[in-house]
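Grab a pencil and have the sequence and the 3D view open side by side. We'll work through a few exercises together, one step at a time.

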Amino acid sequence: MINYEDLLELVKKRRSIRRFKPDSLPDELVDKIIEAARWAPSGANSQPWQFVIVRDKETREKIHGFIAEMGELNRKVELLRPPELRHHGAHAPAGGQPGYMNAPVFIIACGDPRGSMAYPMATSLTRAREHLISGMANAFLQMHLAVTALGLASQWISATAHVLTQTRIKAMLGIPASLDIYDTMAVGYPAGQPRPRLVREREEITHREKFDVSKHMTDEQHRQFIIRIIGGDAARG
Ligand SMILES: Cc1cc2nc3c(=O)[nH]c(=O)nc-3n(C[C@H](O)[C@H](O)[C@H](O)COP(=O)(O)O)c2cc1C
């Protein structure tokens, strides 16, 4: 059993690393990442996950092509926001290669909504989607932690969940249409380290016995907080 200090060190060390060396990743390491996902908690132990490992360069390029097509649209939408709230992706030159294209492996995490049959009826009728997402998020985070423990780098590519993008990916890879692409992990060897990120203080987020409304940000404070995080970490280190 690892002790708390080691656990905290791993949790703090885990970062999104968006720059990869193109070096190939051995199967054993990919297996270790998926092994960590296998033990994740899920609603009623439904274990709704399936993982598709993509190494083929042409396939990864096609996936990027699908994402880039939607990215054009997203960029236009983003430009309608006030400049201080614009996601940095909106400033990226159209057609620029994202760092994840160097990652030798994509792991596409798919969720099976049929797992909801395992939930109590009231839950499966009202909260099936939330439970599916929570279970997938647990598995995905455990994968990212395993990546950190192995000294590798990983990035979420959540754009693969877009309805058009995921439908195209599913058709291309023979993934059953009824599965839900939750997210994709780009994984490989790190080619750099991200900048430090803003992490809220423990006292700001902790309430004892009752909610301390003096800690509840006003809308303006919250807006300023968002501007700070967009300007910092979300600049995609
Ligand atoms: C649900 C979710 C979706 C995310 N989607 C993306 C993504 O599409 N692209 C990306 O580069 N990072 C993505 N991230 C990573 C976050 O931007 C990142 O975790 C956050 O900024 C904190 O930085 P850190 O991971 O380095 O600690 C996502 C993270 C989560 C939890």
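Below are six exercises on this predicted model, each followed by a worked solution.

**Exercise 1. Work out how helices H2 and H5 are arranged where they pack, and which residues make the contact.**

Step 1: Find the two helices. H2 covers residues 27-38 and H5 covers residues 128-149.

Step 2: Look at the geometry. The axes of H2 and H5 come within 7 Å and cross at roughly 140 degrees. That angle makes H2 oblique to H5, because a pair counts as roughly antiparallel when the angle is over 145 degrees.

Step 3: Get the handedness. H2 and H5 make a right-handed crossing.

Step 4: Name the residues. From H2 come Lys-32, Ile-33, Ala-36 and Ala-37. On the H5 side you'll find Ala-139, Gln-142, Met-143, Leu-145, Ala-146 and Val-147.

Step 5: Sort them by class. The contact of H2 with H5 has eight nonpolar residues, one polar and one charged.

**Exercise 2. Do the same for H3 and H6: what is the angle, and which residues meet?**

Step 1: H3 runs over residues 57-78, and H6 over residues 163-173.

Step 2: H3 and H6 pack at about 160 degrees, and their axes are 9 Å apart. Anything over 145 degrees counts as roughly antiparallel, so that's the label for H3 and H6.

Step 3: The crossing of H3 past H6 is right-handed.

Step 4: H3 brings Lys-62, Ile-63, Phe-66, Ile-67 and Met-70 to the contact. H6 meets them with Leu-164, Thr-165, Arg-168, Ile-169 and Met-172.

Step 5: Split by class, the contact of H3 with H6 holds seven nonpolar, one polar and two charged residues.

**Exercise 3. Which strands pair with E5, and in what sense do they run?**

Step 1: Locate E5, which is residues 180-190.

Step 2: Take E1, residues 20-21. Two bridges join E1 to E5, and the pair is antiparallel. One pairing to look up is Lys-21 with Tyr-189 of E5.

Step 3: Move on to E3, residues 105-111. E3 and E5 are antiparallel too, with seven bridges between them. Here Ile-108 sits opposite Thr-184 of E5.

Step 4: Now E4, residues 153-157. Five bridges link E4 to E5, again antiparallel. Ser-154 has Val-187 of E5 as its bridge partner, and Trp-156 has Met-185 of E5.

Step 5: Put it together: E1, E3 and E4 each pair with E5 in the antiparallel sense.

**Exercise 4. How many residues of E5 and of E4 are buried?**

Step 1: For E5, the count is eight of eleven residues, which leaves this strand mostly covered.

Step 2: For E4, four of the five residues are buried, and E4 is mostly covered as well.

**Exercise 5. Is Gln-155 buried or exposed, and which residues does Gln-155 touch?**

Step 1: Place the residue. Gln-155 is part of strand E4.

Step 2: Count neighbours. Gln-155 has 25 C-beta neighbours inside 10 Å, and a residue with 20 or more is buried, so Gln-155 is buried.

Step 3: List the contacts. Leaving out residues up to four places away in sequence, Gln-155 touches Ser-16, Ile-17, Arg-18, Tyr-100 and Ala-186.

Step 4: Compare chain separation with distance in space. Glu-130 is 25 residues from Gln-155 along the chain, and their C-alpha atoms are 23 Å apart. Try another pair: Arg-197 and Arg-15 are 182 residues apart along the chain, yet 9.3 Å separates their C-alpha atoms.

**Exercise 6. Where are Ala-44, Glu-209 and Arg-197, and is each one buried, partly exposed or exposed?**

Step 1: Ala-44 is in the loop between H2 and strand E2. Its phi is near 55 degrees, a positive value in a residue other than glycine. Ala-44 has 15 C-beta neighbours inside 10 Å, so Ala-44 is partly exposed.

Step 2: Glu-209 belongs to the loop between H7 and H8. Glu-209 isn't a glycine either, but has a positive phi of about 70 degrees. Glu-209 counts as exposed because 5 C-beta neighbours lie inside 10 Å, and 12 or fewer is the cut-off.

Step 3: Arg-197 is in the loop between E5 and H7. With 13 other C-beta atoms within 10 Å, Arg-197 is partly exposed.

Conventions
Residues numbered from 1 in each chain as written. Predicted model: local features only at pLDDT ≥ 70, side-chain atom pairs only at ≥ 80, totals over all residues. Axes fitted to C-alpha atoms, helices over the stretch in contact; angles between N-to-C directions. Parallel < 35°, antiparallel > 145°, perpendicular 65-115°, else oblique. Left-handed = near helix turned anticlockwise from the far one by under 90°. Contact = placed C-beta atoms within 7 Å. Nonpolar A, V, L, I, M, F, W, Y, C, P; charged D, E, K, R; others polar. Pairing = 2+ DSSP bridges.
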